[in-house]
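Me: I'd like a close look at one part of this protein, the cysteines and the packing around them. Could you walk me through it in plain terms?

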Amino acid sequence: MKYFFALLLPLFFAGCAVSPEICRFTDADNGRSISVRTGELFEVALTSNPSTGFRWEAMPSPCRIESRDFHIPEERRARCGAAGTEKFLVRADFTGKCTLTFVYRRSWENEPPAKTFSLEVNTRK
């Protein structure tokens, strides 16, 4: 009987794939130089409050934005207009070096951005 379970155990765990760790960069990493593999995904998570009209916008870059999401922590969800984190999943689809820049602004205003965030991205094979 225990041999039967020993044979079934690998089949049970076969569906449990562990996703690779994705590097996460936050407001504290502004201006930092990072090194990633060509094609690698990484996350940029920036403090944001879209209820004020401000949003982070990625400037043109060789890095590709795969997805964008906004998250409010559970403890703040009951508050109207609560700030949260705007998350960008980014793929470094190039070889070499580039600057990935985000601007925090209201899309309808012709004012300079309230904040900027940038990473110098260096890729390696």
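Reply: Here is a walk from the cysteines out to the core and the strands around them. Keep in mind that this is a predicted model.

Let's start with the sulfurs. A search of the whole structure turns up zero disulfides. Why is there no bond between Cys63 and Cys98? For Cys63, the closest cysteine sulfur is the one in Cys98, 3.9 Å away, and that is too far for a bond. Seen from the other side, the closest cysteine sulfur to Cys98 is that of Cys63, again at 3.9 Å and too far. The cut-off used for a disulfide is 2.5 Å between the sulfur atoms, so this pair doesn't qualify. For context, a disulfide is a covalent bond between the sulfur atoms of two cysteines.

Are these two cysteines buried or exposed? Cys63 has 7% relative accessibility, so it counts as buried. Cys98 has 8% and counts as buried too.

Now for what sits around Cys63. Not counting residues up to four places away in sequence, Cys63 touches Phe42, Val90, Arg91, Ala92, Phe94, Cys98, Leu100 and Val121. Cys63 also belongs to the largest nonpolar core, which has 20 residues. Within that core, Cys63 is one of the residues that touch the most other members, along with Phe42, Val44, Leu100, Phe102, Leu119 and Val121. Two or more core residues come from each of strand 2 (33–37), strand 3 (41–48), strand 4 (54–58), strand 6 (84–91), strand 7 (97–106) and strand 8 (115–124). Strand 7 gives the largest share, four residues.

Next, how some of those strands pair up. Strand 3 and strand 6 run antiparallel and are joined by eight bridges. In that pairing, Leu46 stands opposite Glu86 of strand 6. Strand 6 also pairs with strand 5 (residues 64–71), in the antiparallel sense, over seven bridges. There, His71 stands opposite Thr85 of strand 6. As a general point, side chains in a regular strand alternate between the two faces of the sheet.

One last stop is Asn122, which lies in strand 8. What does the side chain of Asn122 make a polar contact with? The partner is the side chain of Ser33, at 3.1 Å. Setting aside neighbours within four places in sequence, Asn122 is in contact with Ser33, Ile34, Ser35, Val36, Gly96 and Lys97.

Technical notes. Residues numbered from 1 in each chain as written. Predicted model: local features only at pLDDT ≥ 70, side-chain atom pairs only at ≥ 80, totals over all residues. Heavy atoms only, no water. Core = buried A, V, L, I, M, F, W, Y, C linked by side-chain atoms within 4.5 Å. Buried < 20%, exposed > 50% of the residue type's maximum accessible area, 1.4 Å probe, protein only. Contact = heavy atoms within 4.5 Å. Pairing = 2+ DSSP bridges. Polar contact = N/O pair within 3.5 Å; in protein donor to acceptor, adjacent residues only side chain to side chain.
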